Amino acid sequence: MGGLIPESFIQELLGRLDIVEVIERHLPLKRAGREYQACCPFHDEKTPSFTVSPQKQFYHCFGCGAHGSVIGFAMNYEGLEFVDAVEDLARHAGLTVPREATRKAQPSAGLYEVMEAAACFYQDQLKTSQEAIDYLKKRGLSGEIAKEFGIGFAPSGWDNLMKHFGGDGKRPGGDEKKLSLLQRAGLLSEGKSGSYDKFRHRIMFPIHDRRGRVIGFGGRALDDDGPKYLNSPETELFHKGRELYGLYLARKGQAKLQQIIVVEGYMDVAALAQFGFHNCVATLGTATTGDQAELLFRAASEVVYCFDGDEAGRKAAWRALEATLPRLREGRQAKFLFLPDGEDPDTMVRSQGAGVFAALLDAAQPLSEFFFDHFTAAVDMASIDGRAKLVEMARPQVEMIPGGVFHDMMFSRLEALAQHRLLTSRSRAAGGSGKAPIGRKPAQYRTPMRTALAHLVQNPSLAALAGDMNRFSGCDLPGIEIYRELVDFCAKHPNMTTAQLLEFWHEHPARPHLITLASWQFPGEEKLLAQEFRDAVTGIELQWTELQIAHTPKIVDLGPDEKAALLQLQQHRQALIEALQGDKTQTGVSG
Ligand SMILES: [Zn+2]
């Protein structure tokens, strides 16, 4: 994401903008203590759980789990891509987005032009090929739709496209630069005796990016030579897992659709458009990826995955479900529609008509149903063992759903099916203070480690109080590696906001964890935060000391040196406990 825009600019932009000001352009915000609140724009609610922190430069909804920096807000609220969101915000801030000038960072030079020219070439070829026109007619595709989708034709022969660009495989001749562009664009294949056209004797479907530029092609074979469907290879412009065929056309003219339908092939997209379903896209010969699921939800609040009812189709649907789970928040819905064996949307809509297809869409299976059917079909629900197996299989998947009403309901459903009350990491965390209200993600249990990390993420300048890291040498407490890394990072960047820090760590595996911690509330006064952080660090040290004591063999087995070391550990433990208690009393007196 945003590979073209230098990281330093993203940081500058985040430093320049005020998230409160930006969000206030869209939502009325009310001050509440150190933060601002509103009813969440991303889910339906009557009492505000959407909070914006000017200090962290971060928003978080306690209802649906939506969160992010000002860039994330622009992406989610306005349905923008990362680059577009950055450009928009920069314009508002009076900044110009610089572009990294390296060759690698400018894949576009000439490539977009070549793709566009190739698309035109294929379209021209279609006009003069009776064979291709007959084929499209036979498939029932109207000229109008062919035009709208820019459908073309790659004639048979090895070098039609190459010749069009002024060369042939053996003797590139005239324009070598153009040929090398064709190669980089993925339009040529390499053989023993040179290059040749990759797409031959195929109906050509141009694949557009979100700005409508051609970045790849899908080709449907007209004969049995080679694969039935052939896509462009991965190139500098084209990344299958991050694109959806038809998305540009589906979104043309409207930023947010109510529903988007995901089908398997280009022909399905085109056929459905001809029958009035202009909200269809296709994955590009790959399983649905997380990136694609995110794109889908940014385009529409309801996603219907429409697959064949056969085993391959069900497998593909399950992969789509897995990509979708971590992205389900309130206001986002996914459904599954399985077509009868041997049918695809193209044949279906033609034989049964638009009305029947619309009715099928209405009756699509909700994700929750597909989810539990999938598991309950695999085990013997009448036996305890079977239900235990169900929990074992389904629980990790339910835990992938972000906290919120939907997560809670899926969890309750799992409990009901298992006929057993389950403890989640989340419900356990709520323990002591009673059950968390439904719809609120219960706070994670505040271990010293999590508390220390949360303080650092929220106030990087606290790293200065972390003290000597050597006292944790050899320590293997969970989270200690992240703690080390975060202290080190924050010490170097004490003035960063939470949003900037998380942007820097956007590819770090610990990022989701840190985002949760970024939303923790520390209700005490600001001047107490430093003390809370120190206490948390002391708490980590105490845990580590206790672990070392616990791992020391029985005292009778120890030599004199080891006995002395153990005594030292015990004394240190006592000192740490007293330090923590001393702070409590002090806090009690002053507070
Ligand atoms: Zn929300």
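**Exercise 1. Surroundings of Phe375**

Determine which residues Phe375 is in contact with, leaving aside neighbours within four places in sequence.

*Solution.* Step 1: in this predicted model, the contacts of Phe375 beyond four places in sequence are Leu390, Met393 and Ala394. Step 2: Phe375 itself belongs to helix α16, which spans residues 367–376. Step 3: around Phe375 there are 18 other C-beta atoms within 10 Å. A residue is buried at 20 or more such atoms and exposed at 12 or fewer, so Phe375 is partly exposed. Step 4: for a view across the chain, take Ile549, which lies 174 residues from Phe375 in sequence; the two C-alpha atoms are separated by 45 Å.

**Exercise 2. Overall organisation**

State how the protein chain is divided into domains, and how many helices and strands the chain holds.

*Solution.* Step 1: from the N-terminal side, the domains are domain 1 (7–93), domain 2 (111–238), domain 3 (242–373), domain 4 (378–430) and domain 5 (448–590). Step 2: the centres of domain 3 and domain 5, taken over C-alpha atoms, are 47 Å apart. Step 3: the secondary structure comprises 25 helices and 16 strands. Step 4: along the principal axes, the C-alpha atoms fill a box of roughly 90 × 60 × 60 Å. Step 5: of the 591 residues, 36% are buried. Step 6: among contacts with a separation of 6 or more, 65% join residues 24 or more positions apart.

**Exercise 3. The packing of α14 and α15**

Find the angle at which the axes of helix α14 and helix α15 cross, and classify their arrangement.

*Solution.* Step 1: α14 covers residues 345–352 and α15 covers residues 354–362. Step 2: their axes come within 6 Å and cross at roughly 125°. Step 3: this angle lies outside the 65 to 115 degrees of a roughly perpendicular pair and is not over 145, the bound for roughly antiparallel; the two helices are therefore oblique to each other. Step 4: α14 contributes Met348, Val349 and Gln352 to the contact, and α15 contributes Ala354, Val356 and Phe357. Step 5: sorted by character, these residues are five nonpolar, one polar and no charged.

**Exercise 4. The nonpolar cores**

Identify which residues touch the most other members of the largest nonpolar core.

*Solution.* Step 1: this core has 91 residues, and those touching the most other members are Val262, Val269, Val281 and Tyr305. Step 2: take Val281 and set aside residues up to four places away; Val281 then touches Leu244, Tyr245, Gly246, Leu247, Ala250, Ile260, Val262 and Val269. Step 3: there is also a second, separate core of 52 residues, including Tyr36, Ala85, Ala90 and Leu486. Step 4: as general background, nonpolar side chains tend to be buried together in soluble globular proteins.

**Exercise 5. Positive phi angles**

Locate Gln57 and His201 in their loops, and decide whether each is buried, partly exposed or exposed.

*Solution.* Step 1: Gln57, a residue other than glycine, has a positive phi near 55°. Gln57 sits in the loop between β3 (50–53) and β4 (58–61). With 24 C-beta neighbours inside 10 Å, Gln57 is buried. Step 2: His201 likewise is not a glycine and has a positive phi of about 55°. Its loop joins β8 (194–197) and β9 (202–208). Because His201 has 19 other C-beta atoms within 10 Å, it is classed as partly exposed.

**Exercise 6. Loop residues and sequence-distant partners**

For Thr235, His278 and Asp476, give the loop of each and its C-alpha distance to a named partner.

*Solution.* Step 1: Thr235 lies in the loop between β11 (229–231) and α10 (247–251). Thr235 and Gln183 are 52 residues apart in sequence and 9.5 Å apart in space. Beyond four places in sequence, Thr235 contacts Arg184, Ala185 and Gly186. Step 2: His278 lies in the loop between α11 (266–274) and β13 (280–282). Its C-alpha atom is 8.9 Å from that of Ile260, 18 residues away in sequence. On the same basis of exclusion, His278 contacts Ala250 and Ala273. Step 3: Asp476 lies in the loop between α20 (448–458) and α21 (480–492). Asp476 has 9 C-beta neighbours inside 10 Å and therefore counts as exposed. Its partner Trp544 is 68 residues away along the chain, with 8.2 Å between the C-alpha atoms.

Key: Residues numbered from 1 in each chain as written. Predicted model: local features only at pLDDT ≥ 70, side-chain atom pairs only at ≥ 80, totals over all residues. Domains from an automatic or database assignment. Helix = DSSP H or I, 4+ residues; strand = E, 2+ residues; numbered from the N terminus. Contact = placed C-beta atoms within 7 Å. Axes fitted to C-alpha atoms, helices over the stretch in contact; angles between N-to-C directions. Parallel < 35°, antiparallel > 145°, perpendicular 65-115°, else oblique. Nonpolar A, V, L, I, M, F, W, Y, C, P; charged D, E, K, R; others polar. Core = buried A, V, L, I, M, F, W, Y, C linked by C-beta atoms within 7 Å.
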